[in-house]
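Reader: I would like a close look at one end of this chain, and at how that end sits in the whole. Please keep it plain.

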Amino acid sequence: MKILFVENHQVFAETVVAQFLPDDAVTIAATVFEAFDLVRSGSFDAVLVDYDLDDFKGDAFVRRLRSSGSTIPIVAVSARDDGNLALSAAGADAVCHKADFRSIRRVLGRLTT
C-alpha cells in the first residue's frame, strides 16, 4: 500500500513505519505544504495525518483535500482526542490514536478494501 504520513516528528514517524507498516511504501511529510505537493505529484492509497503540525493544523490539510474532491481514505492519528475530533470533523474517515498504533493495519484494512 502506498501511504502518505503527515507527521512532523521524524523519529516517531520512522518508528511507526518500522514497527507497524514495514511492508508498505510510506512517504513522510513534515508539513502541510509538503503534503500538498506530494498529493499533487503522486497517488496514494491512504493518508495518515497528525493534528499538531509545524505550519498548520492537520484539519486544514484534510479540509482542503476534501474540498478539492479527493476521496482518498484519511486516518486521523493525533495523540490528542480533540485533535482527532477536529480531523474527523474536517473529513477524516477514521481515527487511530497514536497510543493505539498497533491497530493501524486493521483501520487501514477497513478503509481500503
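Author: What follows starts at the first residue and then turns to the chain around it. The model is predicted. Met-1 lies in the segment before β1, the strand that covers 2–6. Is Met-1 buried or exposed? Neither label fits, because its relative accessible area is 29%, while buried means under 20% and exposed over 50%. Met-1 is therefore partly exposed.

Leaving aside residues up to four places away in sequence, Met-1 touches Asp-24, Ala-25, Asp-45, Ala-46, Arg-105, Leu-108 and Thr-112. Val-75 can serve as a further reference point: 74 residues separate Met-1 from Val-75 in sequence, and their C-alpha atoms are 14 Å apart in space.

Now the chain as a whole. It has five helices and five strands, and from the N terminus on they run β-α-β-α-β-α-β-α-β-α. Of contacts between residues at least 6 apart in sequence, 58% join residues at least 24 apart. Of the 113 residues, 43% count as buried.

The radius of gyration is 12 Å, which agrees with the value near 13 Å for a compact globule of 113 residues. Along the principal axes, the C-alpha atoms fill a box of roughly 30 × 30 × 25 Å.

The accessible surface of the chain comes to about 5600 Å², and carbon and sulfur atoms account for 53% of that surface. As for charge, there are 12 positive and 16 negative side chains, with the centres of the two sets 5 Å apart.

Conventions
Residues are numbered from 1 along each chain as its sequence is written. This is a predicted model: local features need pLDDT of at least 70, side-chain atom pairs count only at pLDDT 80 or more; totals for chains, interfaces and linings use all residues. Side-chain values use heavy atoms; hydrogens and water are left out. Helices (H or I, at least four residues) and strands (E, at least two) are DSSP runs, numbered from the N terminus. The radius of gyration is taken over C-alpha atoms; the globule rule is 2.2 Å times the number of residues to the power 0.38. Buried means under 20% relative accessible area, exposed over 50%, partly exposed in between (1.4 Å probe, protein chains only). Contact means heavy atoms within 4.5 Å. Accessible areas come from the Shrake-Rupley method with a 1.4 Å probe; for residues, only the protein chains shown count as cover. Lys and Arg count as positive and Asp and Glu as negative; His and the chain ends are not counted. The place of a charge is taken as NZ of Lys, CZ of Arg, CG of Asp or CD of Glu.
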